[in-house]
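Student: I'd like to learn how to read strands, contacts and cores in a model like this one. Can we go through it feature by feature?

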Amino acid sequence: VSFDSYIDSEERQYEIGDLATIFLPETRITGRDRQFEVDEIIAGGGDAAAKLRQFAETAYRDPPRQMLGVEQEKWLTGAIAKSARSGTRWQICAQQVLMGSLFTPPDVANWFGPDLSPTVRRRVETGQLVAKAGLPLNFDSWDGYPAARSRLLAAAQAADADFVSLAGDSHNAWAFDLAEGGRPAGIEIGGHSVTSPGYEHYTPGISDAQRVGGLLGSSPELKWANTEDRGYVTVQLTRDAVTANWHSVETIRSHTPALKSTHSMTARRGRRMFEAA
């Protein structure tokens, strides 16, 4: 399938009257530049911290770097502007990876216990150097493409859009306030996985409260998270508000619809941020 036919396809966006336009861009394969790898950045020995700081100030923020690709980005920003201009209440971008920023907490070394293997120890130490350089935890998400994210969020602001990102692929549940240039740009609802393990699989010795507390402390855009449960998220739209409901199931070991808990958060139209929990 050619890229032109991809972006011209009517199936890439859906209209729900004047309530919402749902856009379905592709962020995994079609247009993104090759993601950065920390091991490649610090390869060759020498001062790893200095290499990471230099990278953070140069290649990491390279303006032409693409997450969506030039043509798909042009389509999406134009379609968001058209939707907002038409009076549609919500502009919803349903795509594959988190847009909100996550940073490694300073106390992450305490998450793995005292008997770290050399491999885990090296990864933890490198992760802390990455965070000290002002770099995010995961280059595979929009965090690895900051210029592209800034362009998209700035376009949503310029369009006066009520922007909502729906994302997944991290296996955990997240709520982010998205900002650009120090101003609110929208919200993100990150859905958790139905069965696949998340952060809790790699840090079994600590509580969800400790993990989430560390991430909240290191990641200003993050407003809530669940890093231990499996489940699904439902989203309710009205003309004046969007409410996300993260449902955690009691177990994935048997066929049962029983829920362990539901966490709800709401954003009001025009506010472009979640209400305080």
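Tutor: Sure. Keep in mind that this is a predicted model. We'll need one cut-off to begin with: a residue is buried when its relative accessible area is under 20%.

Student: Okay, let's take a strand. Which residues point one way from β9, and which the other way?

Tutor: The general idea is that side chains in a regular strand alternate between the two faces of the sheet. Here, A241, T243, N245, H247 and V249 point one way from β9, while V242, A244, W246 and S248 point the other way.

Student: And is β9 mostly covered or exposed?

Tutor: Mostly covered. β9 spans residues 241-249, and nine of its nine residues are buried. That goes for the residues on both sides, polar ones like T243 and N245 included.

Student: Which strands does β9 pair with, and how many bridges join them?

Tutor: Think of bridges as the rungs between paired strands; two of them are enough to call it a pairing. Seven bridges link β9 to β8 (residues 231-237), and the two run antiparallel. A hairpin of three residues connects β8 to β9, and T234 has N245 as its bridge partner in β9. With β10 (residues 259-268), β9 shares nine bridges, again antiparallel. There, A241 stands opposite R268.

Student: Now a loop residue. Why does D162 count as buried?

Tutor: Apply the cut-off: D162 counts as buried because its relative accessibility is 4%. D162 sits in the loop between α6 (146-158) and β4 (163-167).

Student: What does D162 touch?

Tutor: For contacts, skip the close sequence neighbours. Beyond four places away, D162 touches R89, W90, Q91, R269, G270, R271 and R272. With R272 there is also a polar contact of 3.5 Å between the side chains.

Student: How do I read the largest nonpolar core, and which members touch the most others?

Tutor: A core is a set of buried nonpolar residues joined through side-chain atoms. The largest one has 35 residues, and L76, I80, W142, F163 and W174 touch the most other members. At least two residues each come from α4 (70-85), α6, β4, β5 (173-180), α8 (208-218) and β7 (222-226). α4 gives the largest share, five residues. Apart from this core lies another, of 16 residues, including A20, W90, V164 and W246.

Student: What is W174 in contact with?

Tutor: Leaving out neighbours within four places in sequence, its contacts include L98, L102, Y199, L215, L222, W224 and W246.

Technical notes:
Residues numbered from 1 in each chain as written. Predicted model: local features only at pLDDT ≥ 70, side-chain atom pairs only at ≥ 80, totals over all residues. Heavy atoms only, no water. Buried < 20%, exposed > 50% of the residue type's maximum accessible area, 1.4 Å probe, protein only. Helix = DSSP H or I, 4+ residues; strand = E, 2+ residues; numbered from the N terminus. Polar contact = N/O pair within 3.5 Å; in protein donor to acceptor, adjacent residues only side chain to side chain. Contact = heavy atoms within 4.5 Å. Core = buried A, V, L, I, M, F, W, Y, C linked by side-chain atoms within 4.5 Å.
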